[in-house]
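User: I have a structure open and want to go through some side-chain pairs. Can you take my questions as they come?
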Amino acid sequence: MKPRIIVCGLGRTGYKVFRLLRQQGAMVVGIHQRPIAGETGHDVIIGNLHTAATLKAAGIESAHTLVIAGPDDAINLSVTMQARVLNPNIRIINRFFNTSLGERLDQTLPNHMSMSVAGLAAPVFAFTALGSKTVGHIKLFEQTWPIHEEYIDNKHPWHGRQIDDLWENRSRMLIYYLPVDGDKDLVSAVLERRRLREGDRIIVGTKPKVRSKRRSIIAKFLKIITNIQRFQEHASPLIAMTTALAAIVLFATFIYTYTSTNVSIVDALYFAVGMITGAGGNDKVVEHASTSIKLFTVIMMLVGAGVIGLLYALLNDFVLGTRFREFLDAARVPPRNHYIVCGLSGTGIKIVQTLHESGHEVVVIEPDANNRFVNNARRWGIPVINGDATFPTMLSGANLETAAALLAVSGNDATNLEIALNAKGIKPTAPIIVRYADPDFARMAQQVFDFDAVLSPAELAAPAFAAASLGGRILGNGITRDSLWVALATSISITHPFCCLKVQDAAMLADCVPLYLETNNQTLHGWDLLKTNLCPGDILYLTMPATKLHMLWRHNSVMSAEY
C-alpha cells in the first residue's frame, strides 16, 4: 500500500517528525539524501530530494500529505513545485525560515501550510522563562496558552478534588486526562464527578497574563537621567575632548587677561573662543601685545584647529553613528525583573516578541550590529546592547543580578553554554534557559550543568509538524507519555460523525476533549458546551489523541481556525 504521508528531509526536525508519525501508527515514508544509521527498511528512500524519480519512489502520486522539513528554503521550494506537478492535490506542510515567503505561498497555493521551527519553539522558551514547565502550547481566543502537565500526588492541592470543579474555569482549559489506572476519558470523568487520585495526570492550558506595558514619558526620562554612568561609558572620548577644548579656552583667556590689564575677562574669553574655533574675534586684544603673546596665539590657533576637528568628528560619530543609540539602549536597561535574551537568532527574535507582547520588559544582547532582527527589536522599544554576551561584564551591564531570567539562544551551541555558565558564575540562582540544537545533547547538558532548561527547537517543533500532517491546521499540540495529542477546529457538516450528537456524547465516542463551541454567533464553554447538540455550521474546538484523528479524516472536516 502506498504511504499516506511522506516526510522529505530527515534532518533533526524531519527525522523527529518521521519517528513521531511512525510511533503514532501513521503510514509514513521518509526521503533523505544519504542513509540514516538504524534505518534499513523500505520506509526511507535515499536520493535527491527534489527530483521526480525520488518523489515517485516514495509514492508521491498517491500520497495524502507531504511534509517538507529541510533546512534550506530554496530546496524546500523546489520540492514543493515538483510535488505539485506530480500530484496537484497533495497537501503540503512546508518548513520555511522566510516566514513572509511562507505566508505568500499559503495564500497562493491551495492545501499548502507553511510552518516555522523558530515560531513554534519560541513560545515554549518564553513560557519556560516565565516559570511554566510547558509540554506544548495552544492558540485560543487570539492568545497563545502554555500547556503543562499536573502530576497529582498526595501533597498536590487538587488531590481528592472532583474534576468537574475544574471544568468551568474560563482562565484554565482542561486539555486531557490520564488516570493512574484504566483509560477513562476526561468528559466521562467530569460527568461522573470523579475525584483526582494520587498518580493521576491532567494536562492543563492556562490563559496567559498580559502585564500593562504603559510607562509615562517622565518615568522613561528619569530612567535615562539616572544612568549618567552609562553615558560616561559610551561618551567618554567625546567628554574628554570637550573637557580639553574648555581647558584650552580657559587657559588662553587667563593668559590674555593676565598679560594685559586693559583687556576684560569677557573680551579675552570672546577672543579666545573665536580664535580657537576659527570664527574670529576682537583682534585688538593682541594687536598691541608682545611678540610672545602673538606666538602664543598662533600656537593656540593650531592646537584649537586640531581639537575642534577631533571634537566635530567624535560628536558626529556619537550622534549620527551608533554610540548615541548604544547609550540610549544601555540607559533603558530595566533595573530589575526583566528578561535577558542573548542572541537574535530566528528563535531569539520570536522569544523577544512573545515576552514583549505579554507585557514583560526585555533586554537583548547581540554581537552583530548588522543583525537583520536588531531594527525589529528596537522598533518595539526594546534595548539592544551590541556586544558579546560571553563576557561577564556584558551580562553585568544588562543587570543580570536583578533579572528575572536569562535565555541563551544564539545560533551556536557552544556559545550558548559559555553564556549560561558565565551567568551562573555571576548569579548562581539565576533561572537560565539554553538553546541546544541536538535534542539528545540538550538533555545531557541539562543533567550535567543543572540549568533550569536546555531546549531543542527541533524537538519542540516536531510535534506540530507531525500533528499538522495528520489533518488540518493545528491550533496546538503536546506530548505526554510518548503520546501525541493535538488541538484543532472541526466544522460540523451533515456528514460529520458528530452531527446531531450532544457534545458530551461526541467527546466520549472519540476520546476527545471539547474546549469551546462557536454556534449562532456565540461561544459556549463549560457545562453549557457539554449539553449542546452539534448542528451543521457549528465549529467545535477540541483536543484529541493523534491516533484518533482518523475519525475526522473520513469526512474531510478539519478546518483551519481564523487567527
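Analyst: Yes. Note that this is a predicted model. To begin with one residue, Glu459 has a relative accessible area of 23%, so it is partly exposed.

User: Which residue does Glu459 meet in a salt bridge?

Analyst: Arg443; the N to O distance is 2.6 Å. Arg443 sits in helix α17 and Glu459 in helix α18 (residues 457-469), 16 residues apart.

User: And is Arg443 buried or exposed?

Analyst: In between: Arg443 is partly exposed, at 44% relative accessibility.

User: What network are those two linked in?

Analyst: A network of salt bridges that links Lys16, Asp440, Arg443 and Glu459.

User: How many salt bridges does a search of the whole structure find?

Analyst: The search finds 12. One of them joins Asp438 and Arg12, with the closest N and O atoms 3.9 Å apart. Asp438 is in the loop between β15 (432-435) and α17 (439-449) and Arg12 is in helix α1 (residues 12-23), so this salt bridge ties together parts 426 residues apart in sequence.

User: Is Asp438 buried or exposed?

Analyst: Asp438 is buried, with a relative accessible area of 18%. Its partner Arg12 is partly exposed at 48%.

User: What about Asp164 and Arg193?

Analyst: Their side chains form a salt bridge at 3.2 Å, N to O. Asp164 belongs to the loop between β8 (143-151) and β9 (172-178), and Arg193 to the loop between α6 (186-191) and β10 (201-206), 29 residues apart. Asp164 is buried at 7% relative accessible area, while Arg193 is partly exposed at 49%.

User: Switching to rings. How many aromatic pairs are there?

Analyst: The count is 5 aromatic pairs. In one of them, Phe251 with Phe296, the ring centres are 5.7 Å apart.

User: Why is that pair edge-to-face?

Analyst: Because the planes of Phe251 and Phe296 are at 65 degrees, and an angle over 60 counts as edge-to-face. Phe251 lies in helix α8 (residues 228-259) and Phe296 in helix α11 (residues 291-320), so the pair ties together parts 45 residues apart in sequence. Phe251 is partly exposed at 43%, whereas Phe296 is buried at 15%.

User: How are the rings of Phe254 and Tyr258 arranged?

Analyst: Their planes are at 20 degrees and their centres 5.6 Å apart, so Phe254 and Tyr258 are stacked. Both are in helix α8, 4 residues apart, which is about one helical turn. Tyr258 is exposed at 63% relative accessible area; Phe254 is partly exposed at 48%.

Definitions and conventions: Residues are numbered from 1 along each chain as its sequence is written. This is a predicted model: local features need pLDDT of at least 70, side-chain atom pairs count only at pLDDT 80 or more; totals for chains, interfaces and linings use all residues. Side-chain values use heavy atoms; hydrogens and water are left out. Rings of Phe, Tyr and Trp (its six-membered ring) pair if their centres lie within 6.5 Å; planes under 30 degrees apart count as stacked, over 60 as edge-to-face and the rest as tilted. Helices (H or I, at least four residues) and strands (E, at least two) are DSSP runs, numbered from the N terminus. Buried means under 20% relative accessible area, exposed over 50%, partly exposed in between (1.4 Å probe, protein chains only). A salt bridge is a side-chain nitrogen of Lys or Arg within 4 Å of a carboxyl oxygen of Asp or Glu.
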